[in-house]
Amino acid sequence: MHGEPPHGLHRPGRREALDPRQELHARAGAALERLYADRLEEVLPTLAEHYAHSDERAKALHYLVRAGDRAQSLFAYDGAGDYYRRALEILERDANSGERRAVVLERIGDAAFAHGELPGARARWGQALDLVTGDRARAADLHRKIGGAAWAAGEKDAALAHLEEGLLVLGDD
């Protein structure tokens with residue numbers, strides 16, 4: 001989810017219908033992108049906030065996920081989870097965002113697990129698993145994560161079931 005914002009979420013030609021505050025937030029975000037072009041990491045939370053308050057949904061999603069990744073890399077798991085949940089809210093408005101939702105759900109689960117919230121992590125990884133289609137390695141990895149969290153919670157049978165399911169999903173790969 002790094003790089004350019006995903007296409008399909010941007011709605012060109014809507015500038016004239018924007019709330020003035022949304023327009024100001026979009027313009028502030030664009031100015032920050034220009035001013036910090038070679039060091040966006042320094043302003044990711046600010047970019048995420050500005051675009052989240054604009055109608056630039058693709059950029060909001062892009063920067064919310066990046067801000068979440070940055071927060072998680074700094075061990076700020078609550079903050080990471082907040083950014084990811086806000087990104088998920090944007091994706092839930094798009095019926096064709098299943099794979100992208102799976103990525104964000106997995107990251108919410110990762111942040112929850114790192115913060116010691118095993119039930120929350122397992123729930124989010126399970127939701128991500130439900131959305132993964134056609135990527136056996138990714139499905140197996142989600143089973144591995146769910147199994148690891150179950151093991152950490154003392155639920156050995158559930159852990160082994162998920163680990164075995166992950167192996168089955170992989171097949172001969």
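In helix α2, which spans residues 44-52, the buried residues are L44, L47, A48, H50 and Y51. These buried residues of α2 pack against three other helices, namely α1 (20-35), α3 and α4. The model described here is a predicted one.

The largest pocket encloses about 170 Å³ of space. Its lining consists of 13 residues, and those closest to the pocket centre are A52, S54, A60, I90 and R93. Helices α2, α3 and α4 are the elements that each give two or more residues to this lining. Helix α2 therefore has two roles in the description: its buried residues, including L44 and Y51, count as such with under 20% relative accessible area, and the helix also contributes to the lining of the largest pocket.

The loop between α3 (57-73) and α4 (77-91) contains F75. The backbone at F75 has a positive phi of about 65 degrees, although F75 is not a glycine. With a relative accessible area of 61%, F75 is exposed, because the cut-off for that class is over 50%.

Helix α3 also contains Q72. Leaving aside residues up to four places away in sequence, Q72 touches Y77, A80, Y84, R107, D110 and A111. For one of these partners, D110, the C-alpha atom is separated from that of Q72 by 8.9 Å, while the two residues are 38 residues apart along the chain.

Salt bridges number 16 in the structure. One of them joins D19 and R21, with 2.9 Å between the closest N and O atoms. Of this pair, D19 is partly exposed at a relative accessible area of 27%, whereas R21 is exposed at 59%. Another salt bridge links the side chains of R39 and D38, at an N to O distance of 3.5 Å. Here R39 is partly exposed, with 36% relative accessibility, and D38 is exposed, with 68%.

A further salt bridge is formed between the side chains of E41 and R70, at 3.7 Å from N to O. E41 belongs to the loop between α1 and α2 and R70 to helix α3, so this pair ties together parts of the chain that are 29 residues apart in sequence. Both partners fall in the partly exposed class: E41 has a relative accessibility of 37%, and R70 has a relative accessible area of 33%. In addition, E99, E106, D110, R138 and K145 are joined into one network by salt bridges that share partners. D110, a member of this network, is also among the residues touched by Q72 of helix α3.

On the surface, W151, L160 and L163 make a nonpolar patch of about 280 Å². One of these residues, L163, is located in helix α8, which covers residues 156-170. L163 is partly exposed, its relative accessible area being 37%. This value meets the requirement for patch residues, because they need over 30% relative accessible area.

Technical notes:
Residues are numbered from 1 along each chain as its sequence is written. This is a predicted model: local features need pLDDT of at least 70, side-chain atom pairs count only at pLDDT 80 or more; totals for chains, interfaces and linings use all residues. Side-chain values use heavy atoms; hydrogens and water are left out. Patches are made of residues with over 30% relative accessible area and no salt bridge: like charges are joined within 9 Å, nonpolar side chains (Val, Leu, Ile, Met, Phe, Trp, Tyr) within 5 Å. Accessible areas come from the Shrake-Rupley method with a 1.4 Å probe; for residues, only the protein chains shown count as cover. A salt bridge is a side-chain nitrogen of Lys or Arg within 4 Å of a carboxyl oxygen of Asp or Glu. Helices (H or I, at least four residues) and strands (E, at least two) are DSSP runs, numbered from the N terminus. Buried means under 20% relative accessible area, exposed over 50%, partly exposed in between (1.4 Å probe, protein chains only). Contact means heavy atoms within 4.5 Å. On a 1 Å grid over the protein atoms alone, a cavity is a set of points where a 1.4 Å probe fits but cannot get out, and a pocket is an open set with protein on both sides within 12 Å along at least five of seven lines; lining residues have an atom within 4 Å of a point. Grid points are joined across faces, edges and corners, and a volume is the space filled by probe spheres set on the points.
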